[in-house]
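User: I'd like to learn how to read the features of a protein model, one at a time. Could you walk me through this one?

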Amino acid sequence: MKKTQKKILGLAGLLVVSAMTVVAVLMPGPGALAATSTSMTDTLTVRVVGEAGNITIKHPTNDQILVNPDQSIDYDFEHIETVTATLEYTDLDGNTHTIDLGTFTHTFSPEGRFGSNSIPINLADYGYGDFVVKLAGMGDDEVPVEKFVEFSFAPVTGEANQDPNTGDVVVDLDYDTDNEDIDHIQINVYDKDGNLIESLSPTNVPRPQTSVTLPFVGNEIPDGLYTIEIIAIDDAGEPLAPPYYTDVDYKAPVIPVPDAGGESAPNTGGFFVGLNISKTDYLITGLIIFFLAGISGIVFVAKGHQGKKR
């Protein structure tokens, strides 16, 4: 009788667990609930505008380095009828020039006394150097408002990163590929002490190429922080502007050590990396141990049932 009750209780428990599993599978996930909620909700954008005048310069951003000459000063305004724009330009010789860009009358939005404006500017009219653009106006409350942005105009910039597959350093260049003043881009590499890495320097990149791979691995360059110097060179072989610098933290790839048979196990890393054993070896060994343990458990349970029958 007791065995029958145990079987009934066990069967009932199994049915309860199965039912809970089916319910859990059929329940929608959080993503589905979020998608349903989003699809049923309208997105409202509310802009709060005060009574005081305000100017917000959106482009260019502060300290930005621009490489294309055709630019614009983009800004938002609130409660300001007109804005006067002034440009201060410092050339490569250190001379500062002040230019009046003009006075601009705003067109307000139908929803209120606010809006956006854009002032076109061609940086090639001035040349490479540093710029400050100031925007000044009078608010509806008769309080003056002035905002400014500082940026630079250069022939080329760039970014250096180590390729995770090859281990070499890739330099991506940003410049106006239609700029006929640029004949090529020269790249030099320096270590953290300022010493020139002659095996990698100079590397010349012809226009309009915008990316170059520096063979750090092939030249057995050690780990360290390296400075990449990027220079735009004209037809006469002279720099167009001061160099642009960027850094890369280089990590030399680990070369696997061959075993006695002339082959090397893959550098899979991990706790047993020094044993020269691959991940496949670990997996096969684990599966063998798992099956042996399973068979031993089955034999042990079978022997226990035979003992109870006796």
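**Strands, core and rings**

Analyst: Happy to! Keep in mind that this is a predicted model. Let's begin with strand pairing: β11 and strand β14 (residues 224-233) pair in the antiparallel sense, over seven bridges.

User: What holds strands of a sheet together in general?

Analyst: Backbone hydrogen bonds do, and the strands they pair may be parallel or antiparallel. In the pairing of β11 with β14, Gln-186 stands opposite Ile-231 of β14.

User: Which other strand is joined to β11, and by how many bridges?

Analyst: That is strand β12 (residues 203-206), antiparallel to β11 and joined to it by four bridges. To find a matching point there, look at Ile-187, whose bridge partner in β12 is Thr-203.

User: Is β11 mostly covered or mostly uncovered?

Analyst: Mostly covered: of the seven residues in β11 (184-190), five are buried.

User: Now an entire sheet, please. In what order do the strands of the open three-stranded sheet come?

Analyst: The order is β1-β3-β6, and the pairing is antiparallel. At the edges are β1 (54-59) and β6 (114-122), each of which pairs on one side only. Ignoring direction, neighbouring strands in this sheet are turned against each other by 25° on average.

User: How many bridges join β3 to β6?

Analyst: Nine, with β3 spanning residues 70-78 and running antiparallel to β6. One place to check this register is Ser-72, which stands opposite Pro-120 in β6.

User: Let's move to the interior. Which residues touch the most other members of the largest nonpolar core?

Analyst: Leu-135, Val-171, Ile-185, Phe-216 and Ile-228 do, in a core of 47 residues. Strand β4 (residues 80-91) supplies the largest share of this core, with five residues.

User: If I pick Ile-228, what is it in contact with beyond its neighbours within four places in sequence?

Analyst: Its contacts of that kind include Ala-160, Val-171, Ile-187, Leu-214 and Val-248. Tyr-244 and Tyr-245 are among them too, as are Asn-188 and Thr-246.

User: Next, the aromatic side chains. How many aromatic pairs does the structure hold?

Analyst: There are 10. To read a pair, look at the distance between ring centres and the angle between ring planes. Tyr-89 and Phe-131 make a stacked pair, with 4.9 Å centre to centre and 25° between the planes. This pair links distant parts of the chain, since Tyr-89 is in strand β4 and Phe-131 in strand β7 (residues 129-139), 42 residues apart.

User: Why do Tyr-89 and Phe-131 count as buried?

Analyst: The cut-off for buried is under 20% relative accessible area. Tyr-89 counts as buried because its relative accessibility is 7%, and Phe-131 does so because its value is 1%.

User: Which stacked pair does Phe-131 form with Phe-151, in numbers: what are the distance and the angle?

Analyst: The ring centres of Phe-131 and Phe-151 are 5.5 Å apart, and the planes differ by 5°. Here too distant parts of the chain are linked: Phe-131 is in strand β7 and Phe-151 in strand β8 (residues 144-153), 20 residues apart. Phe-151 counts as buried because its relative accessibility is 2%. Putting the rings together, Tyr-89, Tyr-126, Phe-131 and Phe-151 form one aromatic cluster.

User: Rings can also meet charges. Where does the charged end of Arg-113 sit?

Analyst: Over the ring of Phe-108, 4.2 Å from the ring centre.

User: And the backbone: which peptide bonds are cis?

Analyst: Omega is the angle to read. The bond from His-59 to Pro-60 is cis, with omega near -5°, and Pro-60 lies in the loop between β1 and β2 (64-66). The bond from Ser-201 to Pro-202 is cis as well, with omega near -10°; Pro-202 has its place in the loop between β11 and β12.

User: What about phi at Asp-63 and at Glu-220?

Analyst: Asp-63 has a positive phi, near 70°, and is a residue other than glycine. Asp-63 lies in the loop between β1 and β2 and counts as exposed because its relative accessibility is 61%. Glu-220, also not a glycine, has a positive phi of about 55°. Glu-220 is found in the loop between β13 (211-214) and β14, and is exposed, with a relative accessible area of 71%.

Conventions: Residues are numbered from 1 along each chain as its sequence is written. This is a predicted model: local features need pLDDT of at least 70, side-chain atom pairs count only at pLDDT 80 or more; totals for chains, interfaces and linings use all residues. Side-chain values use heavy atoms; hydrogens and water are left out. A nonpolar core is a set of buried Ala, Val, Leu, Ile, Met, Phe, Trp, Tyr and Cys residues joined through side-chain atoms within 4.5 Å. Buried means under 20% relative accessible area, exposed over 50%, partly exposed in between (1.4 Å probe, protein chains only). Helices (H or I, at least four residues) and strands (E, at least two) are DSSP runs, numbered from the N terminus. Contact means heavy atoms within 4.5 Å. Two strands pair if DSSP finds at least two bridges between them. Axes are lines fitted to C-alpha atoms, for helices over the stretch in contact, and angles run from 0 to 180 degrees between N-to-C directions. Rings of Phe, Tyr and Trp (its six-membered ring) pair if their centres lie within 6.5 Å; planes under 30 degrees apart count as stacked, over 60 as edge-to-face and the rest as tilted. A charge sits over a ring if NZ of Lys or CZ of Arg is within 6 Å of the ring centre and within 35 degrees of the ring normal.
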